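Work through the exercises below with the sequence and the 3D model side by side. Try each task before reading its solution.

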Amino acid sequence: MSANATKVAGVEVSTDHWIGGQRVASNERFSVHSPIDGTHLADVSAGGESEVAAAVDAARTAFPAWAALGPQGRAKLLRRFAEEITKRAEDIAPVETADNGSLLIGNKMAMIPRASHNIAFFAERALELGETIDSEHVTNHVRYEPSGVAALVTPWNAPFMLTTWKVGPALAAGSTIVLKPPEWAPLSCSLLAEISAAAGLPDGVLNVVQGIGEVAGASLVAHPDVARISFTGSTATARAIGHAAAENLTPVSFELGGKSPFIVLGDADLDAAAKTVANQYMGAGQVCLAGTRVIVEASVADELQAKVREALGAMVVGDPREKTTRVGPLIHPDHFTRVEGFVERAKQAGGRPVWGGGRHEAGDLYFQPTLFEGIERDHELFRKEVFGPVLSWHTFSSDEEAIELANDQEYGLAATLFGRDEARAMAVADRVVAGTTWVNCFFIRDLAAPFGGARNSGIGREGGIWSFDFFCDIKNVAVKKDSFA
Ligand code: NAD
């Protein structure tokens, strides 16, 4: 084991940066503890301006050769990268679980396979970029050119999967990368660095600077040699990044928070709807897309709530490494205090918890799945993102009222809707403000489709061509017709 490495769930993980194909240590370090039981996992290098400068420099140096490889050349290496992720899945999954408390089974079955697919999908999609637009006088040859160094900044709730969702298109587009992983769960992204090397990615194509957001992250997004900033995280942090980006006119892509509605029409399959309401507690509610405001037609509200309670009664809260667990811990004591604060204030304001409402006996950071009734629209629980296992329950008597309740928010990330009458369901879905509206399903994110948020939930879209529209410089070569001999 090298000096600055640690064993997490039996897997060796470097606790240093990855810059120009080398491990680089900082004297300053930050501690990482597992939310499962508070175990100290690692002291990780805390980067600052000089580490960021070195990483951006390494990425800038690697850029011309990476860009010159072209989509075909890059696809060869990216396919290997995707395969290497699959090979290391059994290592990545338990490290991610120890680091951020997410379900081990979810990481094994869904998140890590998806991470591999994120790389493979965009490698292939890049081969189809570009088009020709014919007009009367010219032929427009539309090219997707590599744009330079991309800064990627990612959150702790699904760091490995969400990071690869950016790494895949950025690398396929010909960008080189400096990644700043989240300080509350930095370890799986350290594995990503060595996996990229095992796949044969040239030195400097993918760099990782670990550190605190307000230091390493802030320094990265303010760097003048960064050509693109792709950020997933909170709306508040996005505002700070937006200010920094404005100085250099650096284009940004923001995937932010939400307060999504979960609408149940009276004719819905209530069993399916109830099961899906219960699924909003997965990840202990630390899921940006979670439908945290259940908006149900009054005529079926009691019946649906009985079914939701039944589903919640069967939901195991506890150690995320256990196969039967469905709700693990919150990420950090500070976050626990924040979630608890929302719940206490909601009680004081007259909200009634019809399920849960406090700490769970499973451990210090475990919170009961909580469902509130009696939350008024002007209360913060209706308006602000809690990012914990806390939902509120509202009823409506007309579709107009349902839409009005759903749209009464500053966010617009996602919406979920259950209903059997297609015309009615689609009419409501079309009028809800959201980047994604799921009808009779939840959480299915097809990489070919656009994903992102309206209003304060984001800027831009990821997925399919939209990722390349962001990472590439799009150029038109307009050739006068019949002008060549
Ligand atoms: P956060 O905004 O606190 O941190 C996200 C990242 O930004 C971290 O890596 C952090 O170190 C970094 N950061 C913090 N301050 C910075 C600064 N001044 N400059 C540059 N970087 C900085 O978010 P979080 O608590 O890690 O994640 C939870 C939030 O992320 C929630 O709001 C959630 O809804 C959102 N989220 C959104 C999506 C989506 O796809 N829309 C997905 C997952 C999470």
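**Exercise 1. A loop residue**

Is R455 buried, partly exposed or exposed?

*Solution.* Start with the ground rules. This is a predicted model: local features need pLDDT of at least 70, side-chain atom pairs count only at pLDDT 80 or more, and totals for chains, interfaces and linings use all residues. Residues are numbered from 1 along each chain as its sequence is written, and side-chain values use heavy atoms, with hydrogens and water left out.

Next, apply the classes. Buried means under 20% relative accessible area, exposed means over 50%, and partly exposed lies in between (1.4 Å probe, protein chains only). R455 has 40% relative accessibility, so R455 is partly exposed.

Then place the residue. R455 sits in the loop between β22 (436-439) and β23 (458-459). Helices (H or I, at least four residues) and strands (E, at least two) are DSSP runs, numbered from the N terminus.

Finally, check the backbone. The phi angle of R455 is near 50°, a positive value in a residue other than glycine.

**Exercise 2. Another positive phi**

Find where D482 lies, and classify its exposure.

*Solution.* D482 belongs to the segment after β24 (472-480). Its relative accessibility is 80%, so D482 is exposed. Its phi is near 55°, again a positive value in a residue other than glycine.

**Exercise 3. Aromatic pairs**

How many aromatic pairs does a search of the whole structure find? Describe the geometry of W156 with W184, then of W438 with F442.

*Solution.* First, the criterion. Rings of Phe, Tyr and Trp (its six-membered ring) pair if their centres lie within 6.5 Å; planes under 30 degrees apart count as stacked, over 60 as edge-to-face and the rest as tilted. The search finds eleven pairs.

Take W156 and W184. Their ring centres are 6.1 Å apart and their planes meet at 45°, so the pair is tilted. This pair links distant parts of the chain, 28 residues apart. W156 is in the loop between β9 (149-153) and α5 (159-172), and W184 in the loop between β10 (176-180) and α6 (187-198). W156 is buried, at 13% relative accessibility. W184 is partly exposed, at 27%.

Now take W438 and F442. Here the centres are 5.3 Å apart and the planes stand at 75°, so the pair is edge-to-face. Both residues are buried.

One cluster completes the picture: F121, F122 and F468 form it together.

**Exercise 4. Charges over rings**

Which ring does the charged end of R345 sit over? Locate R228 as well.

*Solution.* The test: NZ of Lys or CZ of Arg must be within 6 Å of the ring centre and within 35 degrees of the ring normal. The charged end of R345 lies over the ring of F342, 5.2 Å from its centre. R228 lies over the face of F470, at 6.0 Å from the ring centre.

**Exercise 5. The ligand shell**

How many residues surround the ligand, and which are the closest? Then list polar contacts to its oxygen atoms.

*Solution.* A residue is near a molecule if one of its heavy atoms lies within 4 Å of it. The shell holds 28 residues, with T154, K180, E183, T237 and E385 the closest. It divides into 14 nonpolar, nine polar and five charged residues. Here Ala, Val, Leu, Ile, Met, Phe, Trp, Tyr, Cys and Pro count as nonpolar, Asp, Glu, Lys and Arg as charged, and the others, Gly among them, as polar.

Which elements contribute? α7 (213-221), β12 (226-232) and α8 (235-248) each supply at least two residues. The largest share, four residues, comes from α7.

For the contacts, the cut-off is a pair of N or O atoms within 3.5 Å; within protein, one must be able to donate a hydrogen and the other to accept it, and residues adjacent in sequence count only if both atoms are side-chain atoms.

- E183: a side-chain N or O atom is 2.5 Å from a ligand oxygen.
- T237: a polar side-chain atom is 2.7 Å from a ligand oxygen.
- W156: a polar side-chain atom is 2.8 Å from a ligand oxygen.

The protein covers 90% of the 840 Å² of accessible area that the ligand has on its own.

How values were computed:
Areas by Shrake-Rupley, 256 points an atom, 1.4 Å probe, with all protein chains shown as cover.
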